[in-house]
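Trainee: I am new to this model. Please take me through one part of it closely.

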Amino acid sequence: MLVVDYGAQYAQLIARRVREAHIYSEIVPHTASTEQILAKNPAAIILSGGPSSVYADGAPSVGADLFQAGVPVLGICYGFQAMANALGGTVAKTGLREYGHTPVNATEATSCLFDGVPAEQVAWMSHGDSVSEAPAGFTVLATSAGAPVAAFANEDAKLYGVQWHPEVNHSEFGQKVLTNFLYEGAGLKPDWTPGNIVEEQVARIREQVGSKRAICALSGGVDSAVAAALVQRAIGEQLTCVYVDHGLMRQNESVEIEKAFGASTGGAKLMVVHAEDIFLEKLAGVTDPEAKRKIIGEQFIRTFERAQAEIIAASEGEDVAFLVQGTLYPDVVESGGGEGTANIKSHHNVGGLPDDIEFELVEPLRALFKDEVRAVGTELGLPDEIVHRQPFPGPGLGIRIIGEVTRERLDLLREADAIARAELTAAGLDREVWQMPVVLLADVRSVGVQGDGRTYGHPVVLRPVSSEDAMTADWSRLPYDLLSKISNRITNEVDGINRVVLDVTSKPPGTIEWE
Ligand SMILES: Nc1ncnc2c1ncn2[C@@H]1O[C@H](COP(=O)(O)OP(=O)(O)OP(=O)(O)O)[C@@H](O)[C@H]1O
Ligand SMILES: O=c1[nH]c(=O)c2[nH+]cn([C@@H]3O[C@H](COP(=O)(O)O)[C@@H](O)[C@H]3O)c2[nH]1
Ligand SMILES: NC(=O)CC[C@H](N)C(=O)O
Ligand SMILES: [Mg+2]
């Protein structure tokens, strides 16, 4: 099943909802020609939304021939409008815009698209243009106040379209409409599972790496543990995992990772590289978040090159050409790696990579979201402690010190962070909270009174968030008692921190990390 991306906010979300319906899906850009799309032999096609207007100059269009190939198609929003336009319907700016929750009424309940869906449903809309006339041969299935043609179908040709976004959570029967299209409209069988991801990726990795050697950047986090386990399954002995202690890790983390490692990767070899001094040296005097990220990204690669040289020397000159990373889709899209998407922050493993990198990357999880990766981890038999670990960013505490990163500041933050994490665990909230960065405002100081004396210390920010996939997040409503305990312990026990504040910003507009 293919998703054609018209520059949508939600193209990956569509692909993911299709995978949730246990059908394999991939995304192709709208620049792909009809021949290129059909050459992939799709069992069905979904045309995504997009920011353009079909009647504007240079707007992406879809060839009418795509609809004559006998492949079932569902158009969503822009995709729906482009489909109407290509097949002789009319699309116009009606002046009736709809954004957000919108009631939609079925006018033709017999379509398979609406099986099990009530006559009135709340759908999530985001459009300024509307289809005012369906193409010949199509039946209008639904209307809304702002969209006279809110859905249409040509059941014989297996062509369907909806003006709303069935892929977003807020569309009440969104997943139902999507699965109706997939199972009934397109007749697909729900037989794709995390087990298939494992099989398919193992086969792909074998093909890519062949009999050569690879190293896996292993952080102790979920993504790299799952990536390592997949690659280990594919190429066994040819893999060496490399953990970099860059001095930006949390308290005791390096020791714990070394200990937990055997369980996480099915016994692959582990090499620990200590690179604290060089990372801190390169970060000296740097305060700009993007500059920090680029420096850390580059130093990671330089460290992997050191590991590569050692492995080559030890294996009598056999080349190590591949670098495995646990890159996920959100890392790619935030780094501006999608079709026409903005750069929000350069994740060290994507946008932070240096230009002169010589490794060939192996990234088996690059199209997936975190909860999908967790399902693959469970499928691979990884222990729950690893599969459900809270994320921790590769640049570590380096992007949680607002200001210059120094050894003293790192020690201060490590102490505060250890207390916050221990209390969250003691409260039994580790699984409920997605992650809780503790951020040191190193260039801010405030006046306190402690032991009847004046202090002039730094604040830390607690940033507990709940999320499904890190693309959006809300601040976690932690119990006041817990917040109070964390605040008391940090200010009492960590010399130099005299204030604890709570971040109550969702994402958007904030991101999870402060830098
Ligand atoms: N300290 C490290 N040593 C080696 N590789 C690392 C380190 N930190 C991060 N990486 C690499 O960068 C990738 C991206 O980091 P990221 O934090 O997103 O993933 P993760 O650590 O595997 O999982 P999680 O999101 O659960 O923390 C990792 O999958 C890993 O390949
Ligand atoms: O490995 C990583 N390298 C990075 O450069 C990076 N930046 C952010 N994160 C993690 O990604 C998720 C989304 O974070 P933001 O809302 O801050 O963008 C959150 O889980 C962050 O912790 C990173 N992980
Ligand atoms: N979300 C969309 O796909 C929007 C389609 C088109 N740009 C409109 O405003 O109607
Ligand atoms: Mg991590």
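Trainee: Which residues in helix H5 are buried?

Mentor: In H5, they are Ile197, Gln201, Ile205 and Val209. Buried means that 20 or more other C-beta atoms, placed from the backbone, lie within 10 Å of a residue's own; exposed means 12 or fewer, and partly exposed is in between.

First, some ground rules. This is a predicted model: local features need pLDDT of at least 70, side-chain atom pairs count only at pLDDT 80 or more, and totals for chains, interfaces and linings use all residues. Residues are numbered from 1 along each chain as its sequence is written, while chains are lettered from A and ligands numbered from 1 in the order written.

Now the helix. H5 covers residues 194-209, 16 in number. Helices are DSSP runs (H or I, at least four residues), and strands are too (E, at least two), numbered from the N terminus. From first C-alpha to last, H5 reaches 22 Å, close to the 22 Å expected at 1.5 Å a residue. That expected span is 1.5 Å times one less than the number of residues.

Look down the axis of H5. Its buried residues fall within an arc of 65 degrees, so they line one face. The arc is taken from the directions between helix axis and C-beta atoms. An α-helix has 3.6 residues a turn, so residues three or four places apart point the same way.

The buried residues of H5 pack against S10, H6, strand S13, strand S14 and helix H11. Contact means C-beta atoms, placed from the backbone, within 7 Å. On the other side of H5, Gly195, Glu199, Ala203 and Glu207 are exposed. Gly210 follows H5, with a positive phi near 60 degrees.

Definitions and conventions:
Two residues are in contact if their C-beta atoms, placed from the backbone, lie within 7 Å.
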